[in-house]
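User: I'm new to this structure and I'd like to learn how to read its features. Could you walk me through them?

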Amino acid sequence: MKISGSRCSIFLGIVVFLVSCERSNLTRFRLLSPQVSGINFSNDLVDTKDENILEYLYYYNGGGIAVGDINNDGLEDIYLSGNQVPDQLYLNLGGLKFKNITNHLNFPDDPHWSTGVSMADVNLDGWLDIYVCQVGNYKKFRGTNKLFINNQDGTFSEKAKEFGLDFSGYSTQSVFFDYDKDGDLDLFLLTHAAHFSRSFSQAETRYKRDSLAGDYLFKNKLDQGKLEFKDVSISAGILGATQGYGLAVMVSDINGDNWPDLYVGNDFHEDDYLYINQQNGTFKEELEEILPHTSRFTMGVDIQDLNGDTNPEILTVDMLPHEREIRLKSAFEDSEKIARIKESYGYKKQFARNNLHLNLGNEHFGDVALMTGLDATDWSWSVLIDDFDNNSIPDIFITNGIFKRGNDLDYMNYLDNANLISFQGVQRDSVERWLIDKMPSRKIPNRLFKQTGNLIFEEQAEEWGLAKPTFSGSAVAADFDRDGDLDLLVSNINEPVSLFENKTNQIDSMHYLTLRFSHLDSASLMGTKGILFCDGKIQSKSYYPVRGFQSSGAHELHFGLGANQIIDSLLIKWPNGDVTKYDHLETNQLLYLSYHSAEAFNEPLVKKNKAIIETELLIYSIQEDNYHDYNYESLIPEKLSQEGVAAVGSDFNADGLMDFYVGGAHGEAGYLLIQTGDGLKKRVIPVFEKDAKYEDVAASVGDYNGDGVLDIYVTSGGNRFLEGHEALEDRLYMGTETLDFIRSEQNLPRLSGKIVAATDIDQDDDFDLFVGTLNITGGYGLSPKSYVMINDGLGNFSIGQILEEDMISDATWVDMNQDGMQDLVTCGPWSPIRIWINEGGSLIDKTKDYGFDKLWGWYNTLDIADFNGDQRPDILAGNLGLNSRFKASLTKPLSLYLGDFDQNGQTDPIIYYYLEGMSTPFATRDELIDQMPEIKKHFVNYTDFSKVTDIQSLLGSWYNPSVLIEKNIHELRSMLFLSDEQYYKGIPLPFEAQMSPINDFFIGDLNRDAYMDIVFVSNNKKVSNAIGPYDASPGGVLFGTSQAGQFQRIEFFHSHDHLSYDRVLPIDHKQWMLIPNVGNLTVARLNRGQ
C-alpha cells in the first residue's frame, strides 16, 4: 500500500502525539504490587501485654532494609528485617522480579526483634555479607546481633559469635568502615536506650559506659590474620552511656582530610555526636565546635554534597508536623524554662525540626532547613539525598509516619491523668490497652523534594506518585531494574513494603553514570569518592552505603547527567589518597572500577578559591547577665535586654591609628581600646567604671563642645527598666587632652535607646544628634519616642523633635534629595525603611514618596553608599533574612497584633504567620495561656485550638478593632535598594547573606578593583526557644562586580563558637573589628596579597 507524503506526515504526527500523551500521563514512580514484584513482606505488629508502645519505647520504629549484590550477578538483592515477623532475603531475578531465598540464610529459630541491617564484605573475600541488629536483654526481648557470612554459593552461615559480634542489647544499626585505614572493615554499632532514671541527668554522665546501651566501635583484626573483632570503644573515644538514644548513623569525611568521620543522631535530650577521626585510631567528639545546633529527635541522616561544591551537607530529620492542624496540637519545642534547665545540665542547643547543615567550607556548618523549606516533614525517619530524575541535581526523599502519635497534646493530658504507676496486674494491662487505643493514629504521605538548583526545592511527592499515606520507616534507593534511574524501596508498618519503579527513563531523555567498585580488590574501597565534571557542573559522592534510618543502600555511586551524553572528566579519590582521572566518558553505563588497574593522577581534585579572610579572637570579651525577659513577657520573640554593647571607632589619641570605645552591658564598665605597635591595649576610664550600672547600647564620637577634643555620647537601653528610670539615662562624656573623660551633668533622655547618629541638622556648625529608641519595656511592638537633640554649640542638648512612628534599630544621616541638607533614614523591626526629609531643621516623613511604605520588615541595620554610580545614595538594609520560621510577602504578611486584651495592664503581643496558606498564631496554646490565662476557657483542649483561624477567632469577645494595633511585615530579605531617580529598586542580597539576620555593614572597595564590596555581620541567638537561634552564619564579605547588586563570591568569617556579631568597625583598609553580642572581640583581616 502506498501512502502519500502528506498522509505519512499526519500519521507520524498522530503517533508522536499519542506517545507524548502517554509520557505526560506517566508519574515518575509506579508502585508495584507484591504480586508483580514477588516481595511479600509486611512488618505487621500485634500489641500484647509484653510488647506494646508503653512497654517498649521504640515499638513502632519498624525494621530495616539492606540492598546489595549478594551473588555478584550485577543486580541488587534485598534483605528486610522484621520486628514480630521473620526477616526475609530476596534475590533479584531482573525486571523487578524477586525470589524469596530466606531459607538460604540458615537463620536461627529463636525469638527476635530485628532493627537495622547492613551489607558489607566483612571478610574481604569479594562477596557481600549481612549483619542484622536485634534488641536483646530487655524485658521479653532476647535477640542477639547476627552476622551472615556469604558462602559464595547462594547460602550463608551465621557467625556473629565466632567474629565477636554477637552483641545483645539495644542495637539500632551497624556501619562497616575502615576507620584506621588498615585495609579492612571495622564496625561501629549504634544503640538506643530505654527510659531509665539515670538517663535524665547531667550531660557529663555520658562518659559513664553502660553494658546494654551506648555505642561501640569494634576493630577488625583481619590485618593481623584473624577473622575477629575487638571492642576498642573506650580507647577510641566512643561514648556509651544510657542517654545515648541512637537512631541515626552515617560515615562521611566531614572535615575534608580524607579520613572517615562519624555522625550519630540521638533521640530526646541527648546531643547528637560528631566524631572527627584523629588519624591515630581515636575519635574526638566535636559537634559543638562544628555545628551550631542540631535536631532534637534526630531519627535519620544523610550526608551528601547538595550544591556541587564537593563539600558534604548534613541533613537530619525530626518530627515537626507540616500540617497546620497537627502542629497546633502537637508537642515539639521545649518551653523557655525547660530549655534553660537543659542548658544548665550541659546539653547543647536542639530543636524539634529537620536540620540542613550547609557546609561553609571552613570546617563549620550553618543550618538552612528553614529557608529551604525542609524543616517540617512530620514524623520523619529515613532521608535519602539522590538524583531521582537524573537531571544532575540531587533531590531529597523523606519517609514519614508513626502508627501511634504519642506527642499529641490532648493524649498527653490523658496520659498524665491516668496515673499508670498506681495500677497493677490485670487492671494495669486493661488501663494500658485503653491508653494505647486512645493514642491517635493517622497515616501521612512521604515527601519528595525536587531541587531546581541553588538549594531551591519543590514538593513533588504527589506529582511523582509517592504521596500514598502510610506508616513508613526505613528506605533505600537503588537501580533494581538496571535501567539507569533510582527505584525506591520503603518499609512500612502493618502493610507490605512499597517498591516504587522509577520511570524517568520513559519520561525524560536523561542520562546517567553508575560507578561500581570491583569486588576483586583485596582491600576495602569503602570511602572512595567520585567527583564528576560535566556541562560546567560538579557532582561529588562518596561510597558509604549506610544512611537514612536502619538501612544500607546500594554499593555503587549513581550520577544523573541530564541531556549530556559525554562526561568531561571523572576523578576517583581512593581511600589511600591516590587519585585516578577518566576523561570523556560516555554516559548511560555501569562502570566497574578497580584500584589495582587505576593510574595515578597528581593534580588537585578541585581547584578551590583560597580562603582570603582570617579571623583572630582577642582577649577582650563581652558579657551579659542572665536576665530573662520571658519571665515577664512570655510572648515576645526575642530578648531586648541583650541588644549588645555600644562600640565605635575613632582616633582618640590623634596618632593616626583607629582606636575604639567599647561599652559595657549592665554591671560591666565600658573602656577604650588604644591601637599601638603591639596591638590593641585596654585603657580603663574611671568615670566609665563608675557608670557600670548602665546598659551601653550605642555611642557616637565627636567634638560636641567645640574644644577640639573628642567626646562620647552613650545611649542606654535594655528591657528591665521602665521609661524614666535613672538606669536608662543617656550620658555625654567630655574628652580631655589626657585621654580621660568627665561626665556632663545635664539631664538627657531616659529611654530604651538603640542608636545615636550625629549630624549638623540645623547647619550651625555643631553636631546635633538623633537618638533612636527600640522598645518600651513591657510593651513589645509599641512604637516608642525617639528624639532629635539640638546642640547649642557647647555640648548642651535639648529636644528639638520627637518621632513616634516606629521601633528603631538603626539610623543614618544622608542628603537624600540633593538639597544640601542632611536627611534622616531609619529602620527597625515591624517598621519600614523610613525617609525623613529635612525641611528647615524639621524632619518630614516622605517614606511613601520614595516607595518604601509597603516594604515593612524586621530591619536591624542600614548603610548608605553609591553602588550604581549615579551620584545618588543607595540604601543597604540588613533584615531578618529568609532562614526563619517566619515568612512574609505582600499577600501573606507576618502580622503583630497589640493590645491589653485581657485588661490586666500589660500589652499582649500576638504574632500571626501563614502556615499551609492559613493565618496562624505563632504562639502555642500553652504560651498564650501563660500570657493570658483566660485563653484556657476559649479553647478547652488542643483540638479546639487547632481550629483557630484569624485574630478575631482567637480573641473572641476580647476582639475590639477600635483599640487593636496591627503591624504587618511584607519583606524579610536583606536588600540593596538602588536609586532610580526618586524611587528605589530592591535587589535581594545573595542566598548566603539571607542565612541569618544581618546586624551591621561596612562598605568599601576592599580588593581595590573599583567595585563596592560589603562586609556584613550576622546571627542572633537571643531569641525565644520556639523560634530557635539564628546562628547559620557569623557573616562575611560579599565581593562586588561591575554590575551593582551582583557579587562574584562570598567569603564567610570563621565561626568561632558560632558567635553572633552585632557590629563591624574598620581598623584599617584590610582589617575590621567584629563586636559580638556575647563572647570575644574578633579581628577579621584580608590575607596578604588580596
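User: Let's begin with R28: what does it form with D508, and how far apart are the closest N and O atoms?

Analyst: The general idea is that side chains of opposite charge can pair when their charged atoms come close. Here R28 and D508 form a salt bridge, with 2.9 Å between the closest N and O atoms. The term means a side-chain nitrogen of Lys or Arg within 4 Å of a carboxyl oxygen of Asp or Glu. R28 sits in the loop between α1 (5-25) and β1 (29-32), while D508 is in the loop between α11 (504-507) and β33 (511-517), so this pair ties together parts 480 residues apart in sequence. Keep in mind that this is a predicted model, where local features need pLDDT of at least 70, side-chain atom pairs count only at pLDDT 80 or more, and totals for chains, interfaces and linings use all residues. Residues are numbered from 1 along each chain as its sequence is written, and side-chain values use heavy atoms, with hydrogens and water left out.

User: Those α and β labels, what do they stand for?

Analyst: They're DSSP runs numbered from the N terminus: helices (H or I, at least four residues) and strands (E, at least two). In this protein they come to 16 helices and 74 strands. The radius of gyration is 32 Å, close to the 31 Å from the globule rule for 1090 residues, so the protein is as compact as a globular protein of that length. That radius is taken over C-alpha atoms, and the rule is 2.2 Å times the number of residues to the power 0.38. Along the principal axes, the C-alpha trace spans about 100 × 75 × 75 Å.

User: Back to the first pair. Is R28 buried or exposed, and what about D508?

Analyst: Buried means under 20% relative accessible area, exposed means over 50%, and partly exposed is in between (1.4 Å probe, protein chains only). R28 has a relative accessible area of 11%, so it's buried. D508, at 23%, is partly exposed. Over the whole protein, buried residues make up 62% of the 1090 residues.

User: How many salt bridges are there by that rule?

Analyst: The count is 49. One of them joins E325 and K947, at 3.4 Å from N to O. E325 is in helix α6 (residues 324-328) and K947 is in the loop between α15 (942-945) and α16 (951-955), so to speak a link between distant parts of the chain, 622 residues apart. E325 is partly exposed at 33% relative accessibility, and K947 is partly exposed at 49%.

User: Which residue does D625 meet in a salt bridge?

Analyst: D625 meets R720, at 2.5 Å from N to O. D625 lies in the loop between β41 (613-622) and β42 (647-650), and R720 in the loop between β47 (711-716) and β48 (731-735), so the pair ties together parts 95 residues apart in sequence. Both count as partly exposed, D625 at 23% relative accessibility and R720 at 24%. Salt bridges can also share partners: D69, E76, D479, R482, R516 and E556 are joined that way into one network.

User: Now a residue without a salt bridge in our talk: where does L147 lie, and what is it in contact with?

Analyst: L147 is in strand β10 (residues 146-150), and at 0% relative accessibility it's buried. Contact means heavy atoms within 4.5 Å. Setting aside neighbours within four places in sequence, L147 is in contact with residues including V122, I130, Y131, F163 and L165.
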